[in-house]
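Here's a set of exercises to work through with the model open in your viewer. Try each task before you read its solution.

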Amino acid sequence: MKKIFAANWKMNKSPNEAREFMNELSQKISKIDVNKIQFILFPSALAVDATLGLSKNLSLSIGVQNAYFAGSGAFTGENSAAVAKSMGCEYVLIGHSERRTLFSETDEFCQKKISFVQSLGMIPMLCIGEVLAERQSGQTFQVLKNQLHSGLKEIDPAKKIIVAYEPVWAIGTGQVATVEQVRETHAMIHAELLAMGYQNVPLLYGGSVKAENAGELSRIPHVDGFLIGGASLQVDSYLAIAQASLN
Ligand code: PGA
């Protein structure tokens, strides 16, 4: 399985800044062994178009950070996955903790999105993760299992999906989970997915990943890549994470 390096730009970068990033990336990416790596970029919806042209030459896939579970209609402010697909997007990020916390997205909502995205032939990336109080009170595994079972309810195990484990307390805080925490949590999620009938689901870690911690995190069993926020905004720090993971 290729290691996946997914960049979540969140609500950052204008189309011009996105173009500059892609230009710089195209000059520097040749230093990386792209046969071992899959890059996925999630720009804001307004910058998707600016990234698509160069992405084809770079064998880099583009996705949207959110999409509604209908192709079109009266859903003011939402992204259409069908339009994203027609533009050339292959992935949709679903259930990021910021969507869950700031925009009240539920597991049931995520499930509808996963189902719709897959019906279009696109690949959903489902984010799951516990908040600090849940980790501290020993509820992490139960919370994650609930998110998996509700989010994947009636989702066909034969269809492609990626899962990203992002402890909410580690996102954007600089406080990365320890190797031991990632090891036991990824082992549990991997086992749970298998028990639910989902085989070969890439499992990413996210939360304050940077070049300094990517090497040791990437060697943990069942860490198939990373979902990267802050450190994906600069080409050098993004590529450094990929490089550190290959060493
Ligand atoms: P971070 O964000 O790398 O800045 O912690 C990760 C994410 O939100 O996906």
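**Exercise 1. Find what Leu152 touches, then place it in the core.**

Step 1. Skip the neighbours within four places in sequence, and Leu152 is in contact with Ile114, Leu126, Gln147, Ile161, Leu193, Met196 and Tyr198. Contact here means heavy atoms within 4.5 Å.

Before going on, some ground rules. This is a predicted model, where local features need pLDDT of at least 70, side-chain atom pairs count only at pLDDT 80 or more, and totals for chains, interfaces and linings use all residues. Residues are numbered from 1 along each chain as its sequence is written, and side-chain values use heavy atoms, with hydrogens and water left out.

Step 2. Now zoom out: the largest nonpolar core has 66 residues, and Leu152 is among those with the most contacts inside it, along with Phe5, Phe39, Leu41, Ile189, Tyr205 and Phe226. A nonpolar core is a set of buried Ala, Val, Leu, Ile, Met, Phe, Trp, Tyr and Cys residues joined through side-chain atoms within 4.5 Å. Buried means under 20% relative accessible area, exposed over 50%, and partly exposed in between (1.4 Å probe, protein chains only).

Step 3. Helix H10 (residues 235–246) gives the most to this core, six residues. Helices (H or I, at least four residues) and strands (E, at least two) are DSSP runs, numbered from the N terminus.

Step 4. Apart from this core lies another, of 13 residues, including Ile4, Ile40, Phe42 and Ala164.

**Exercise 2. Pick Ala242 and work out what lies around it.**

Step 1. Ala242 sits in helix H10.

Step 2. Ala242 counts as buried because its relative accessibility is 0%.

Step 3. Beyond its neighbours within four places in sequence, Ala242 is in contact with Phe5, Ile32, Ile37 and Phe39.

Step 4. For a long-range check, take Asp33: 209 residues separate it from Ala242 along the chain, yet their C-alpha atoms are 9.4 Å apart.

**Exercise 3. Is Lys113 buried or exposed?**

Step 1. Locate Lys113 in helix H5 (residues 107–119).

Step 2. With a relative accessibility of 1%, Lys113 counts as buried.

Step 3. Leave out residues up to four places away in sequence, and Lys113 touches Asn66, Ala67, Phe69, Ile94 and Glu105.

**Exercise 4. Map the ligand's surroundings.**

Step 1. There are 13 residues around the ligand, and Lys10, His96, Glu166, Gly172 and Ser208 come nearest. A residue is near a molecule if one of its heavy atoms lies within 4 Å of it.

Step 2. Sort the shell by type: four nonpolar, seven polar and two charged. Ala, Val, Leu, Ile, Met, Phe, Trp, Tyr, Cys and Pro count as nonpolar, Asp, Glu, Lys and Arg as charged, and the others, Gly among them, as polar.

Step 3. List some N/O distances. A side-chain N or O atom of Lys10 is 2.7 Å from an oxygen atom of the ligand. For a side-chain N or O atom of His96, the distance to a ligand oxygen atom is 2.7 Å. Gly172 uses its backbone, with an N or O atom 2.6 Å from a ligand oxygen atom.

Step 4. Check the cover: the ligand alone exposes 290 Å², and the protein buries 95% of that. Areas like these come from the Shrake-Rupley method with a 1.4 Å probe; for residues, only the protein chains shown count as cover.

**Exercise 5. Trace the side chain of Ser80.**

Step 1. Ser80 lies in the loop between S3 and H3.

Step 2. At 16% relative accessibility, Ser80 counts as buried.

Step 3. A polar atom of the Ser80 side chain lies 2.6 Å from the backbone oxygen of Gly71. The backbone nitrogen of Ala82 is 3.2 Å from a polar atom of that Ser80 side chain.

Step 4. Discounting residues up to four places away in sequence, Ser80 touches Ala70 and Gly71.

**Exercise 6. Hunt for positive phi values.**

Step 1. Asn200, in the loop between helix H8 (179–195) and strand S7 (203–206), has a phi near 55 degrees. Asn200 counts as exposed, at 68% relative accessibility.

Step 2. His222, in the loop between helix H9 (211–218) and strand S8 (225–228), has a positive phi of about 70 degrees. His222 is partly exposed, at 31%.

How values were computed:
Polar contact = N/O pair within 3.5 Å; in protein donor to acceptor, adjacent residues only side chain to side chain.
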